[in-house]
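Got your viewer ready? Please walk me through this structure, telling me what to select at each stop and what I'll find there.

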Amino acid sequence: MKLTALALVSIYAASGLIAGAQDKRKTTPGDGPYGVPEVTFRVHRLGTDHAEGITTLDMNGDGRPDLVSGAYWYENPGPEGGEWKRHQYRTVGMLNEFVSDCGEWTFDVNHDGAPDVVTTGWMVNGLWWYENPQKPDVMWEKHFIADSYDTEGGATGDINGDGKPDLALAHYNHSGIIWVDFSGPEPKVHHVGGKEQDGHGIGVADVDGDGKADILTPYGWFKNIDADHDQWEWHGDWQLEDAGFPIIGYDVNDDGKTDIIYGQGHSYGLYWLEQQGEGTGRHWVKHIIDESYSQIHALKVIDIDGDGVPELLTGKRYRGHSGNDPGSYDPLVVYYYKIDRKTGQFTRYSISVNGTAGAGTQFIAEDLDGDGDIDLATAGKTGVHFFENLKVNLVPKATRENDLLLDKNWPFPGEGVIVKQEDGPAPQK
């Protein structure tokens, strides 16, 4: 068929319009529904272990932070993606569905230059540390630190002001708060207050602005007079019920005062307490952040989107009380909230909704894959999950397709699929 000059001009013009439209297509994520850039995460389920504590540690000396949870560690494949291979490095007790692991932290306990793992659990007594053998394929030796019954979580911070992190633990059975100083040749255990101040939830923050880290509990806070010599002043300022881990101290409304952010570990609700007044006139005003989901055990304040302002990270735990909590079987969610420090308002963004990822008792928030943005990780009874931040994406297409299972198992086994070229014109490229 012959084409007229006019037809050729029309074809070329149309193809130019198409090319121009293609050139204008958006190739990077735009703003979210609230008019600000929204962080997109790719969620990877790494294992199905029921441990709920998690920490990071370079287990194989390749310079990358590996994920450590329960009896296992997950080998970091790096910025180009791939499989997080699972390895066992210790043994962990288990009772029914609970792994004895509700908190993990990385400390160089014996000061030999190799980081160790400190851990505790709700089902079995004890705060323990596992000694890094500094050689591969060797089971780590377990050492006892202190009695710690019904321990569902903890909080880290520089409690005694020596520039080194300490660990504070609370107990569901109200047996008394402890904090541990790891700066000496052996861990030094301190006891704070009595049984009535202990409970479900703990935090470390400077409440009164005197430059010292105070200890936050579900029933009030201990003012730090002299932590090394066990001198504290009790202030029973609030009732948080079963708070999560940690109870967070953060200046929500930018008025120069430390406010309190907490979740309900065994019911619905996420809240913040606004600090007003000072001294004997100090009081707290409760504000609702979100009451749409339950079992908020793990919280963290971290700059997720890289704009220089921290966000609040949290989510729903699965089966905190073996399925007997309010909302226990509601969809699992993980969210972050942008905080407007002029108004104290929280705006919610989804990281994972109705998937397999829930929030256990801890969050990891750091550049895990080494590509320059903040990734996340958490563990729980639905497994260990790595949340890959896609702000910077260096994963090759072939690796991504393999990960997404786009070209595996096709035709599906047993389906008897016959692929036949239908009659008709050839498909247009």
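Start by selecting D230 and showing its contacts: leaving out residues up to four places away in sequence, D230 touches H190 and H191. Turn on the side chains and you'll see D230 make a polar contact with the side chain of H190, at 2.7 Å. This is a predicted model, by the way. Where does D230 sit? Look in the loop between β18 (220-226) and β19 (231-235). D230 is partly exposed, with a relative accessible area of 41%. Now add V192 and draw a C-alpha to C-alpha distance: V192 and D230 are 7.0 Å apart in space, with their positions 38 residues apart in sequence.

Zoom out for a moment and colour by secondary structure. You should get two helices and 30 strands. Switch to colouring by burial, and 47% of the 429 residues in the chain come up as buried. The chain exposes about 20900 Å², of which carbon and sulfur atoms supply 51%. If you like contact maps, take the contacts with a separation of 6 or more: residues 24 or more positions apart account for 46% of them.

Next, select Q275, in strand β22 (residues 268-276). Is Q275 buried or exposed? Its relative accessibility is 3%, so Q275 counts as buried. The side chain of Q275 reaches the side chain of R282 in a polar contact of 2.7 Å. Expand the selection to contacts, skipping neighbours within four places in sequence, and you pick up V207, D255, K257, T258, D259, R282, H283 and W284 around Q275.

Now for a sheet. Select β2, β3, β4 and β5: they form an open sheet of four strands in the order β2-β3-β4-β5, with antiparallel pairing. The edges are β2 (55-57) and β5 (85-88); each has a single partner strand, so one side of each is left without a neighbour in the sheet. Look along the sheet and you'll see a twist that averages 30° from one strand to the next. Strands of a sheet pair through backbone hydrogen bonds, either parallel or antiparallel. For a detailed view, pick β4 (residues 72-75) and β5, which pair in the antiparallel sense over four bridges. Within that pair, Y72 stands opposite Q88 in β5.

On to charged pairs. How many salt bridges are there? The count comes to 15. Select R42 and D403, whose side chains meet in a salt bridge of 3.3 Å, N to O. R42 lies in strand β1 (residues 41-47) and D403 in helix α2 (residues 397-404), so this pair ties together parts that are 361 residues apart in sequence. R42 is partly exposed at a relative accessible area of 23%, and D403 is partly exposed too, at 32%.

Keep R42 on screen and add E388, in strand β30 (residues 384-389). With 4% relative accessibility, E388 counts as buried. The side chain of E388 makes a polar contact of 2.8 Å with the side chain of H44. Not counting residues up to four places away in sequence, E388 touches T40, F41, R42, H44, D369, D375, N393, V395 and R400.

Then centre on K338. One of its salt bridges goes to D307, with the closest N and O atoms 2.9 Å apart. D307 lies in the loop between β24 (299-302) and β25 (311-315) while K338 lies in strand β26 (residues 333-340), so the pair ties together parts 31 residues apart in sequence. K338 also forms a salt bridge with E311, where the closest N and O atoms are 3.0 Å apart. Here strand β25 supplies E311 and strand β26 supplies K338, so the parts tied together are 27 residues apart in sequence. How does burial look across this trio? D307 is partly exposed, with a relative accessible area of 42%. K338 is buried at 15%, and E311 counts as buried at 0% relative accessibility.

For the last stop, select E52, E152, R317 and K381 together: these four residues are linked in a network of salt bridges.

How values were computed. Residues are numbered from 1 along each chain as its sequence is written. This is a predicted model: local features need pLDDT of at least 70, side-chain atom pairs count only at pLDDT 80 or more; totals for chains, interfaces and linings use all residues. Side-chain values use heavy atoms; hydrogens and water are left out. Buried means under 20% relative accessible area, exposed over 50%, partly exposed in between (1.4 Å probe, protein chains only). A polar contact is a pair of N or O atoms within 3.5 Å; within protein, one must be able to donate a hydrogen and the other to accept it, and residues adjacent in sequence count only if both atoms are side-chain atoms. Contact means heavy atoms within 4.5 Å. Two strands pair if DSSP finds at least two bridges between them. Axes are lines fitted to C-alpha atoms, for helices over the stretch in contact, and angles run from 0 to 180 degrees between N-to-C directions. Accessible areas come from the Shrake-Rupley method with a 1.4 Å probe; for residues, only the protein chains shown count as cover.
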